[in-house]
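Visitor: Please take me through one buried spot in detail. Then work outward from there and show me how the rest of the chain is arranged around it.

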Amino acid sequence: MNEPAEITIEAENVTLDTIHQVVYRTAEEAKLDKLCSYINEKCPYLMMVFCSTRERVIKLTMELAARGYLVDEFHGELTQTQRTLVMKRFREAKLQIIVTTDIAARGLDIEGVTHVVNYDIPRTVTDYIHRIGRTGRAGREGEAVTFVSDRQQEQLRRIEAGIKAHIRRESLKKRPEKPKKEVSFKEQDGAESRRNKSAGPEKRRKPLTRAKAKAAAHSGRDNRSSRSKKTRPGAKAAEIGAPIKKRNKRR
């Protein structure tokens with residue numbers, strides 16, 4: 001070849017100075033709840049969540065959609081038309097979250113991405129840099145979060161050595177539970193009174209006077225007694241002072 005042309009392709013320059021990097025320590029089974037807590041706490045404008053495989057992308061997308069988030073998936077198995085439509089909706093903020101593989105870590109210029117989450121820790125330092133480089137662009141600040149389990153501490157140390165920086169460890173804030181209200185005796189009496197008012201007429205009971213209380217001790221609360229209410233004629237006559245006729249016994 002005579003006078004061949006030399007073509008130089010410059011690598012994408014990623015600036016980490018405007019990106020706030022955070023590590024959340026979590027177990028695998030608690031990742032989904034931690035991610036939802038993070039979303040609810042930070043309220044991101046646009047968020048990209050990176051997973052290691054297409055299967056994990058699809059699964060996480062369905063789980064987030066079931067919890068009511070505006071989310072869609074982005075991976076290599078989608079057609080070009082489908083990927084274009086997803087990115088269009090994401091740029092227009094019709095989607096709040098896209099869950100993706102490393103296919104979206106390079107070559108996409110998306111303005112307004114405020115948060116990046118490494119749901120699965122990246123395999124290499126380069127992958128980590130390009131993932132978090134989706135935020136903090138054009139001089140704007142962004143936040144990049146990485147979920148790390150106890151078994152992935154060595155991978156995290158390699159990433160920190162590669163970027164020559166220590167990534168801050170943080171924990172999500174727990175929302176305080178509403179304290180249980182202590183009920184006083186006065187409030188208990190008021191509640192009992194309200195229940196009596198709501199009950200039917202047959203269930204309501206009027207307070208007893210002193211005389212009635214004394215009588216109730218013998219005859220029972222509702223004038224019930226072990227003695228029969230019907231008395232014998234002789235007993236009734238004795239009460240009013242009438243003479244009692246003796247019956248002649250038949251011999």
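Guide: Start at Val 86, which sits in helix α3, residues 80-91. The model is a predicted one. Val 86 has a relative accessible area of 6%. Buried means under 20%, so Val 86 counts as buried.

What does Val 86 touch, leaving aside its neighbours within four places in sequence? The partners are Asp 72, Glu 73, Phe 74, Leu 95 and Ile 98. Take Phe 74 from that list. Val 86 and Phe 74 are 12 residues apart in sequence, and their C-alpha atoms lie 7.2 Å apart.

Follow the chain past α3. A loop joins α3 to strand β4, residues 97-100, and Ala 93 is in that loop. Ala 93 is not a glycine, yet its phi is positive, at about 60°. Its relative accessibility is 32%. That value falls between the 20% and 50% limits, so Ala 93 is partly exposed.

Now go back to Asp 72 and Glu 73. Val 86 contacts both, and Thr 61 touches both as well. Thr 61 belongs to helix α2. Beyond four places in sequence, Thr 61 also touches Val 71 and Val 99. Val 99 falls within the span of β4. Thr 61 is buried too, at 6% relative accessibility. The side chain of Thr 61 reaches the backbone oxygen of Val 57, at 2.7 Å.

Helix α2 also borders open space. It covers residues 54-66, and it joins α1, residues 31-42, in supplying at least two residues each to the lining of the second largest pocket. Which of the elements gives the most to that lining? Helix α2 does, with four residues. The pocket holds about 150 Å³. Among its lining residues are Arg 56, Lys 59, Leu 60 and Glu 63. Glu 28, Glu 29, Lys 31, Leu 32 and Tyr 119 line it as well. By class, this lining has six charged residues, three nonpolar and no polar.

The largest pocket has a volume of about 190 Å³. Thirteen would be a long list, and the centre is the place to look. Of the 13 lining residues, those closest to the centre are Glu 111, Gly 112, Arg 137, Ala 138 and Arg 140. The lining as a whole divides into six charged, four polar and three nonpolar residues.

Next, His 115. It is found in strand β5, residues 115-118. Is His 115 buried or exposed? It is buried, with a relative accessible area of 11%. Its side chain makes a polar contact of 2.8 Å with the side chain of Thr 114. Met 48 is 67 residues away along the chain, but the C-alpha atoms of His 115 and Met 48 are separated by 6.6 Å. Met 48 is also among the residues that His 115 touches beyond four places in sequence. Others are Tyr 38, Lys 42, Pro 44, Leu 46 and Met 47. Thr 135 and Glu 143 complete the list. Tyr 38 and Lys 42 fall within the span of α1. Glu 143 falls within the span of β6, residues 142-148.

Strand β6 leads on to helix α5. The buried residues of α5, residues 153-163, are Gln 153, Leu 156, Ile 159, Glu 160 and Ile 163. They lie on the same side of α5, because they cover an arc of only 115° around the axis. What do these buried residues pack against? They meet β1 (19-25), α4 (125-132), β6 and β7 (168-170).

Just after α5 comes Lys 164, with a positive phi of about 55°. Lys 164 is not a glycine either. It lies in the loop between α5 and β7. Its relative accessible area is 77%. That is over 50%, so Lys 164 is exposed.

Last, the whole chain. It has eight helices and seven strands. Of its 251 residues, 34% are buried; Val 86, Thr 61 and His 115 are among the buried ones. Among contacts with a separation of 6 or more, 72% join residues 24 or more positions apart.

Notes
Residues are numbered from 1 along each chain as its sequence is written. This is a predicted model: local features need pLDDT of at least 70, side-chain atom pairs count only at pLDDT 80 or more; totals for chains, interfaces and linings use all residues. Side-chain values use heavy atoms; hydrogens and water are left out. Buried means under 20% relative accessible area, exposed over 50%, partly exposed in between (1.4 Å probe, protein chains only). The arc is that of the directions from the helix axis to the C-beta atoms. Contact means heavy atoms within 4.5 Å. On a 1 Å grid over the protein atoms alone, a cavity is a set of points where a 1.4 Å probe fits but cannot get out, and a pocket is an open set with protein on both sides within 12 Å along at least five of seven lines; lining residues have an atom within 4 Å of a point. Grid points are joined across faces, edges and corners, and a volume is the space filled by probe spheres set on the points. Ala, Val, Leu, Ile, Met, Phe, Trp, Tyr, Cys and Pro count as nonpolar, Asp, Glu, Lys and Arg as charged, and the others, Gly among them, as polar. A polar contact is a pair of N or O atoms within 3.5 Å; within protein, one must be able to donate a hydrogen and the other to accept it, and residues adjacent in sequence count only if both atoms are side-chain atoms.
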